[in-house]
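Open your viewer, switch to a cartoon view and keep the selection box handy. We will go from stop to stop, with something to select at each one.

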Amino acid sequence: MQNTRLVVVSRLAAGLLPIAAALLSATPAVGQSVDLLKKLNAPAGRVAEQSKSAKRLFTAYLDLTKPPQAVGADFNQTTIWPGMDGFDAVAKWAAANQNMGKAIVEVQHCQILGVPYGTQGVDAKFIERGLVAEIGVDGDLTKVRFAYLDAIETISAYVVADAYRLCEEGKFDEAFTLGVAHLRLLRQACDAQMYGEKFAAMGLLADAYSIHRDLLYAYGSKIAPETVRRLALEEYPQLRVSENERMKRLELPEGDLLVADELIRGVFSDDTLVNEESFSNTFAGLQAANEPLTSFGAVKRWKGIAGVHGSRTASLEKLNAIYDDWWRRWRLPAYGQIMSLPTVMSRVNPVKYAAVSLAVKDIDEIFERRRRVIAEYNGTVISAGLVGYHQKLGAWPDQLLKAFTQFFPKRFNFDPYDRNYGGFVYEYLGSKTKSIDSEGAPVEVTGCVLFALNSDHESNGASRHAAGGKSDDFVLWPPLRAVSRGQGK
């Protein structure tokens, strides 16, 4: 079988991987590799400008007024709701920035976000506001910075603020039109090529889906049945053209491979001769950035490693083997035989290939994040179907299968945490009340419960909830955040 990672550059150049980038034609800043930026940006260079959303989105963002609070841990898309302190000011902020919402709706069907890697050729206004993705910050290839993600977080906060404002005014179609456009925009951001971008964007998308379930729970009795039906059968399932319930079009981030390749090539004078000074400074600096508590004496340690490190050719082959292994695992069934085998990364000699081990990220966490996104996605489709069922029949289904087809597409009953590739667990409560421990606080739920198994692959009967956690269950409906708010918790 062909080693696909050994031909990664040609595969990237062939445009087979969707990448959130744009072609750069100007010479990059000192310390940045011309070839590296071309490799990172070339695939998106073949995408028509009208199919890229970043320029139009960020142009609108430049006019977005300052939010009432700084976006961060205490003020973000998951914390905004009508019962929060200061919601009136938040709603006024959203109402005053309708051009932002119009831009989101306008670009929702674009092919890519299109944020270029590097700053050359980028509008000076965008650079000034940090709407860039930098590779080789201050001429140091070990440093990357994706400052534009701050803008995406602020835009997400705006969307939730305006959606709640519109719902409070009874304008549900407008609220969900904006909300669905926002989901599609975040899905574009999830196609970024670098690990840090992709991981952050996937987290924002997962949270955004959870907010849609909050909205369905809070306003389900008021939303027009036709709107709910459209969401469950048309809008949510069509997150992206050809996307399915397993999100198979979501690609593994591979830009870090190109950066690691560049780093390793740069510390060898020839195939076998390591440039000791460059080697020790480069990887001591990278270690200090990733593991600051282990950085003391790092330069001396890396000078010692330089004398026994594998050759450039061997190091690059090992690097590609690591990504080849991850690439195959990403595409194969999540719980197939290969997933139980040790990864190539876990078997790398920690001294002979120390530079390789440090230059790449162990990306197990992004596999976990993909599972959470899939659960949030499918769970939101089904939740809309359950609301539609309740609207029409005045009760929750005693079996989930009764809502198949007419209220939501059956294929979305897929639990990414189930080793047998089955559906979610559904429990009809009837007249009973169920107590669920959510982040240490008991929440009382009625009607029905829909949940995924989480990474322990076992059910605890939804007695404890964790969103995409290692254990406990992942309760999708009813949305516990919205339930707890209603119960004053």
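Select Tyr426 first, and look across to Leu450 in E4, which stands opposite. Before moving on, note that this is a predicted model, in which local features need pLDDT of at least 70 and side-chain atom pairs count only at pLDDT 80 or more, while totals for chains, interfaces and linings use all residues. Residues are numbered from 1 along each chain as its sequence is written, and side-chain values use heavy atoms, with hydrogens and water left out.

**The sheet**

Now select strand E3 (residues 425-438) together with E4: the two run antiparallel and are joined by 11 bridges. Strand and helix names here follow DSSP runs numbered from the N terminus (strands are E, at least two residues; helices are H or I, at least four residues). Two strands count as paired if DSSP finds at least two bridges between them.

Follow the strands to the hairpin, where two residues lie between E3 and E4. Glu439 in this hairpin takes a positive phi near 55 degrees. Beside it, Ser438 has Ala441 as its bridge partner in E4.

Add strand E5 (464-465) to the selection. E5 pairs with E3 in the parallel sense, over two bridges, and Arg464 of E5 is the bridge partner of Asp437. What is the order of the strands in the open sheet? Four strands make it up in the order E5-E3-E4-E6, with mixed pairing. E5 and E6 stand at the edges with a single partner strand each, so one side of each is left without a neighbour in the sheet.

**Backbone oddities**

Most residues other than glycine have a negative phi, and most peptide bonds are trans. The next three selections depart from that pattern in turn.

- Select Trp477 and Pro478: the peptide bond from the former to the latter is cis, with omega near -5 degrees. Pro478 lies in the loop between E6 and H17.
- Select His457, in the loop between E4 and E5. Its phi is positive, near 60 degrees, in a residue other than glycine.
- Select Thr405, in the loop between H16 and E3. Phi is positive here too, at about 70 degrees, although Thr405 is not a glycine. Thr405 counts as exposed, at 63% relative accessibility. (Exposed means over 50% relative accessible area, buried under 20%, and partly exposed in between, with a 1.4 Å probe and protein chains only.)

**The largest pocket**

Select Ser438, Glu439, His465, Leu480 and Arg481: of the 22 residues that line the largest pocket, these lie nearest its centre. About 450 Å³ of space lies in this pocket. On a 1 Å grid over the protein atoms alone, a pocket is an open set of points with protein on both sides within 12 Å along at least five of seven lines, a cavity is a set where a 1.4 Å probe fits but cannot get out, and lining residues have an atom within 4 Å of a point. Grid points are joined across faces, edges and corners, and a volume is the space filled by probe spheres set on the points.

Colour the lining by class and you should find nine nonpolar, five polar and eight charged residues. (Ala, Val, Leu, Ile, Met, Phe, Trp, Tyr, Cys and Pro are nonpolar, Asp, Glu, Lys and Arg charged, and the others, Gly among them, polar.) Which helix gives the largest share of this lining? H9 does, with four residues.

**Helix H9 and the largest cavity**

Select helix H9 (195-219) next. H9 has 25 residues and reaches 36 Å from its first C-alpha to its last, close to the 36 Å expected at 1.5 Å a residue; the expected span is 1.5 Å times one less than the number of residues. Of its 25 residues, 20 are buried, so H9 is largely enclosed by the rest of the structure.

The structure holds two cavities of 30 Å³ or more, and the largest has about 60 Å³ of space. Select its lining: Gln77, Val159, Val160, Ala163, Gly179, His182, Ala208, Ile211, His212 and Leu215. H9 gives the most, with four residues. By class, this lining has six nonpolar, four polar and no charged residues.

**Last stop**

Finish at Thr142, in the loop between strand E1 (134-135) and strand E2 (144-145). Buried or exposed? Thr142 counts as buried, at 15% relative accessibility.

Methods: Nonpolar A, V, L, I, M, F, W, Y, C, P; charged D, E, K, R; others polar.
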